[in-house]
Amino acid sequence: MHNWIKIFQIMLLTIFISCASQNDELEQSFKNPPASARPGVYWYFMDGNLDREGMTADLEAMKAAGIGNLIFLEVNVGVPRGPVDFLSEEWQELFAHAVHEAERLGIEITLGSGPGWTGSGGPWVKSEQSMQHLVASTVTVVGPSQFQGTLPIPEPRWPFFNTLTPELIKERADYYEDVAVLAFPTPADTQKLANIDEKALYYRSPYSSAAGVKPFLPAPANYPETQANSAIAMDKIINLTAQLKKDGTLNWQVPDGNWTIMRFGRRNNGANTRPAPFPGLGFECDKFDTAALDAHFQEYVGKLLKKVGPRKKGVGWTMLHIDSWEMGAQNWTANFRVEFQRRRGYDPLPFYPAYTGRIVESLELTERFLWDLRKTGQELVIENHAARLKELGRQYGLGLSIEPYDMNPTADLTLGLLADVPMCEFWSKGFGFETSFSCIEAASIAHTMGRPVVAAEAFTAGSEEAMKQYPGSMKNQTDWAFCAGINRLVFHTFAHQPLGNEKPGMTMGPYGVHWHRNQTWWPMVSAYHQYVARCSHLLQQGTTVADILYLTPEGAPHVFRAPKSALAGSDTLPDRKGYNFDGCSPEALMEKAEVRNGRIVFPGGSSYRLLILPAFDTMTPALLDRIKLLVEQGATVIGKPPTKSPSLTDYPDCDQTVMQKAEALWGGSEIPDTITEHQFGKGRLFWGGELKVNETDLYPNYAVTAALLGQSGIKPDFESTGPIRYTHRETNDRDIYFVANSSAELIDCIGKFRIEQGIPELWNPLTGNIRQLPESSYEPDRTIVPLRFESYQSFFVIFRKNNVLKASAVASEQNFPPMQLLKSLEGTWDVKFDPKFGSPGEVVFKKLEDWTVRPEPGIKYYSGIAAYTKIFDLDSIPNNSSQLFLEPGEVHDMAQITLNGHDLGVVWCAPWRVDITRAIQVKDNHLEIKVANRWANRLIGDQQVDNKNVREVQWSSGLLEGRKYKAGRFTFSTHQYYKADSRLLPSGLMGPVKIHSIK
C-alpha cells in the first residue's frame, strides 16, 4: 500500500510539473538557448592577411554553427605577411566591415586593447609614455676629498622578451631622464636582498610557463636582526639631486670615509607589443599613467570608433579585452614619488637604493618598503590603467573582459575585480601549459563580484595538437571547465580564412585548437555548440553554491592557489570536492562583504559558511578591522592572528595597533596546541592544532576544514560513489546541479545531494529533453539518487523548490531503465566519399571497417565527410516500447544520422545513440549515416611521394607576401604538422550499428 501511495504522489507531481513546464521560461530557454549562452572564438588575423569576402564567410560560418561572440586580434607569429597594413585606411575599413557584418548576424565582437595579444601599446607610444624602470649607476669615492666628475648614465635593464626592432632599440637607448642622486657611507658588508628583481618589480616571469616562479612573496616579517655594517643608515643618506648638472657632472665635497654615489634615472623597460603585426610594433604604454593610456586609446580604439560610426546596441562591437598579462612589470613613472607619498604617507626617496637590493636601515624595513612599492604599483595599474580603460570604454558603450594572470605584477584576484567578464585560460589537455589555476581565479572573481559570466580562452594548444582535437576528444575537459565554474567557452582559435578554397588553409602559426570553417567536421559542430550553449545557459543562472572562502594575503604579486587537498583529480583537470570554495582578494572582502544569517555574503548573492585566512604573519589595520566587523556580525573565521603590519605606513604604531586588535579578536596571541574556538560578538574563530599549516602552505588541510563543517551539522554539497565531478547553482525556484563522469567507463553510482525535498529531474544538454528521476530516496538534509553515466557522460540534476513532495524509492520505476536489442544491421553498406579530396567516390563496403586499413589510397588517406547508406527492415515494432534508439557503434569522429528523411541529429559523444521512435517503420527503412574524420590523414597523404609538392599556389592580391608556395595534391596549410610516416588516425564508421528499445 505504501508504494501505491508514493506512485500516486509521483503521478500527481508529474501532472503538476507538466502543466507548469508549458510556461516555464527556463525549460524553453534550455531547449533553445539564447545568444548570450553561445560559445565564442578568438578570431585571429595573421599580419595583414585580411580578405573582405573571407571575413564575411568566417562570420556567416560562425553564425550557422552557433557561435555567438568573438575576440578580434591580429598577430605576427611567423606566417608571411599580407597586403593590408595594420591600422591603415584599408584595415580600418575592413574592421568596420566586420563590425557591421557582426551586427547583421547578431554576433558580439570584443576588441583586444592593442595589437598583438600582449597589452596596450603601438608605434604611437613615445618613450616618455612607455612602461618604465628606475635604474641606477654607482660610483664609490673616498673622503675627505673633492669629487668632480661625470656620473655614468644608468643602463636600462635587459628586456624580458628581447623582441625589439632596431628602431625601438635605438629609441630606447636614446631615452633617459634623471630622477635623483643619493650618497651614503658604503656599508662594510655588501649583503643584498634575494629575489630583488621580482621584489622591486623589474621582472615578473610567466607563472604558467617559467620554472620556479612563486605564486606570492613571503610576508615581510620575522627577519633576523640586521648587522650594523650591512645596512645603509637612513640618517646618513645625502640627497645630491640638486647638485647634478644637466650634462651629468657632479661637484661634491666628500666627507670622511668610504662613500657610494648612486645616480637614479628612468628608462624604458623594454616591453613592446608582442607578437604584434609589423606595422603595430611599438612600446607598451605606461601602466601607471592615465595620460599614457588615454593617448593610446585615442590612437587605436578612438580611430576605430570613428571609422565604425554609429553602432547597434547589444550586437557588433560590444567589448574591450585585456588578454593574459604578458608585458611584465614596471616600477616607475614620472610622478611615482608623489603618488607613493600620497598613498603610503612617507617619502620613498631614502629607500631608492633598495631597488638595487641594498639594505636600507634594516632588512625588515627594506622588505616592508618593497611591499609598499609593489602595493603602490598595484594600485596604479588598477586605477590608472584597468579602471581607466573600463571608464573610457563605458563612454562608448563598451564593456571590459580581463584575463588577470601570468606575468601580472599585481594580485590576480585584485586586477580581475575590474572585469565585467572575468576570463581565464585552459590549454588542451596534453598539448600545452597547465593554467587551471586561472580558471579557479576567474570563477572566484565572478562569484564574489556578482558577475554572471565566467569566460575561458578554451583549448589553447601548441603544435603537437596538429588538428587532432575535435568535439568528442574535448568532451571530458569541456565538462571539467563547467564544473570549475566556467560558463562561456571562447575557443582558441578561429584563424581568419582568406585563402579561398585552399584547405585546411590559414593557421595561427603552430597554435590551436583549430576551430574554423575549414575543419572537416565543421558542418556537424553545431551539435557540440548546442550542448555547450545549453550547459552555459543553466550555469549562468542564479548564484554558485560554495561553503568555503579562502582570503588571499595583502600585497602583490599574488596567484591564488587553493590548497591541493581541496582538489581531486589531476593537476591539469583539478576537481572540487564536496565542500566547494572560492578565493577572495582583501579588496573584495573590504569593499563588498557583509554577514547575513551567519554567512559571508556578496552583492551578487554568493555566500559562504567559512572564511579561511592565509597563514601570513602580517595584516594591515584596515583589513583586520574589516575581519573584526564580520566576526562581530556573525561570521565564522579560521586562521591565526597577525602579529604586525606588512607596510611602513604609520610605522611603528601600525604594528602595535595590529597586535592589540588581533589579541582582542582572537582572545590571545599564543597559538593553541589543539583546535580552539573563540566566540567574538555573534561570530567565532577557530585556530591552533591541526589548523596550523606548513611554511610553504597558506591554508589548512581541506580534511580538517571539512571536519569542522561536518561537526557543525553541514554535510557535503555533493558526494557520489563514483568518479563524478559536479557544480551547483541556486536560483529562487531551483537547485541546479551539473554532474559529469570524469572517466571513460560506464559508471553506476549513488549521488547524494544536499537537498531536503523534491523529486529530482534530469535535464539532458545533449538533447534538451527533461524527465524525472523517480527512483530516489531521502535522508536528513540529503536526497539520494541512483545515477548511471556512460563514458564521460554528463547531465543536470535539478530540484524545484516549489515541489513539496519528498523523494522516495518507487520500485516500479527506474531512473535508467535497461535497453533491449532489437536488431543489428549487418551486411554491406554503400559509402560515398567526396572525390575532390582524392577518393574513388562511391564504394561498397562488405563490412564496416577503419578507412586507414582500406587498400584504396584515396580512402586510406581521406579526410572529410563520407555518407554510409543502407535499407533495412524490422520484424516488428514492439508495442510495449516507449522509445526506440539507433546506436552507430564506434565512430571516428562524428556522425549525422538520417532515417526515412528525418534528420535525427549529430552524435559526437557517449551515449552514441539517437531516438528513432517517430522515424522508424517496419519495412523499407532508408538509413544514412554521414561520418566526418579529421585532417591528419589527408595531410599525411599529401606528404607521400606521389602527392607532395605537386602544385603551386599563389595569391595575386598579395596574401602571404604574394609568393609562390609548393602544395600537396589536395591540401594547403600555412603550417606543416605531419610527415609521410606520421601515424594515421582511425577514421570512419566501425559499428556495429544496432537498434534498441526501452520500455
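User: Is Asp 178 buried, exposed or partly exposed?
Analyst: This is a predicted model, so everything here is read from predicted coordinates. The relative accessibility of Asp 178 comes to 35%. Buried would need under 20% and exposed over 50%, so Asp 178 counts as partly exposed.

User: What about Arg 263, buried or exposed?
Analyst: The cut-off for burial is a relative accessible area under 20%. Arg 263 has just 4% relative accessibility, so this residue counts as buried.

User: How far apart are the closest N and O atoms of Arg 263 and Asp 178?
Analyst: These two side chains form a salt bridge. The cut-off for that is 4 Å between a side-chain nitrogen and a carboxyl oxygen. For Arg 263 and Asp 178, the closest N and O atoms are apart by 2.8 Å.

User: How many residues apart in sequence are the parts that this pair ties together?
Analyst: Arg 263 and Asp 178 are salt-bridge partners. Arg 263 belongs to strand E8 (residues 249-268), while Asp 178 belongs to strand E6 (residues 177-185). The pair therefore ties together parts whose separation in sequence is 85 residues.

User: How many salt bridges are there by this rule?
Analyst: The rule asks for a Lys or Arg side-chain nitrogen within 4 Å of an Asp or Glu carboxyl oxygen. Counting that way, the number of salt bridges is 58.

User: Which residue does Glu 284 form a salt bridge with?
Analyst: Both residues of this pair are buried. Their closest N and O atoms sit 2.8 Å apart, and the partner of Glu 284 is Lys 287.

User: In which helix is Lys 661, the partner of Asp 625?
Analyst: Asp 625 and Lys 661 form a salt bridge with closest N and O atoms 2.9 Å apart. The pair links distant parts of the chain, 36 residues apart. Asp 625 is in helix H15 (residues 621-632), and Lys 661 is in helix H16.

User: Are Asp 625 and Lys 661 buried, exposed or partly exposed?
Analyst: Asp 625 has a relative accessible area of 33%, and Lys 661 has 27%. Those values fall between the 20% and 50% cut-offs, so Asp 625 and Lys 661 are partly exposed.

User: Which residues are joined into one network by salt bridges that share partners?
Analyst: Here the link is that the salt bridges have partners in common. The residues joined this way are Asp 24, Glu 27, Asp 733, Arg 734, Glu 761 and Arg 800.

User: How far apart are the end C-alpha atoms of helix H13?
Analyst: H13 covers residues 526-539, which makes 14 residues. At 1.5 Å a residue, a span of 20 Å should result. The model agrees with that, as the end C-alpha atoms are apart by 19 Å.

User: How many of the 14 residues of H13 are buried?
Analyst: The buried ones include Tyr 528, Arg 534 and His 537. H13 is largely enclosed by the rest of the structure, because the number of its residues that are buried is twelve.

User: Are H7 and H9 parallel, perpendicular or oblique?
Analyst: The axes of helix H7 (residues 290-308) and helix H9 (residues 363-395) come within 9 Å and cross at roughly 40°. Roughly parallel would need an angle under 35 degrees, and roughly perpendicular starts at 65. That makes H7, relative to H9, oblique.

User: Which residues in H7 meet H9?
Analyst: The crossing of the two helices is right-handed. On the H9 side the contacts include Arg 388 and Leu 392, and on the H7 side they are Thr 290, Leu 293, Asp 294 and Phe 297.

User: Is Asn 937 buried or exposed?
Analyst: Asn 937 has its place in helix H19 (residues 936-941). Leaving out residues up to four places away in sequence, Asn 937 touches several others, among them Lys 860, Tyr 862 and Leu 985. Its relative accessibility is 1%, so Asn 937 counts as buried.

User: Which residue does a cis peptide bond join to Arg 274?
Analyst: Omega for this bond is about -10°. The partner lies in the loop between E8 and strand E9 (283-284). The residue joined to Arg 274 is Pro 275.

User: What is the phi of Leu 201?
Analyst: Leu 201 lies in the loop between helix H6 (196-199) and strand E7 (238-239), and is buried. Leu 201 is not a glycine, yet its phi is positive, at about 65°.

Terms used:
Residues are numbered from 1 along each chain as its sequence is written. This is a predicted model: local features need pLDDT of at least 70, side-chain atom pairs count only at pLDDT 80 or more; totals for chains, interfaces and linings use all residues. Side-chain values use heavy atoms; hydrogens and water are left out. Helices (H or I, at least four residues) and strands (E, at least two) are DSSP runs, numbered from the N terminus. Buried means under 20% relative accessible area, exposed over 50%, partly exposed in between (1.4 Å probe, protein chains only). The expected span of a helix is 1.5 Å times one less than its number of residues. Axes are lines fitted to C-alpha atoms, for helices over the stretch in contact, and angles run from 0 to 180 degrees between N-to-C directions. Angles under 35 degrees count as roughly parallel, over 145 as roughly antiparallel, 65 to 115 as roughly perpendicular and the rest as oblique. A crossing is left-handed if the near helix is turned anticlockwise from the far one by less than a right angle, and right-handed if clockwise. Contact means heavy atoms within 4.5 Å.
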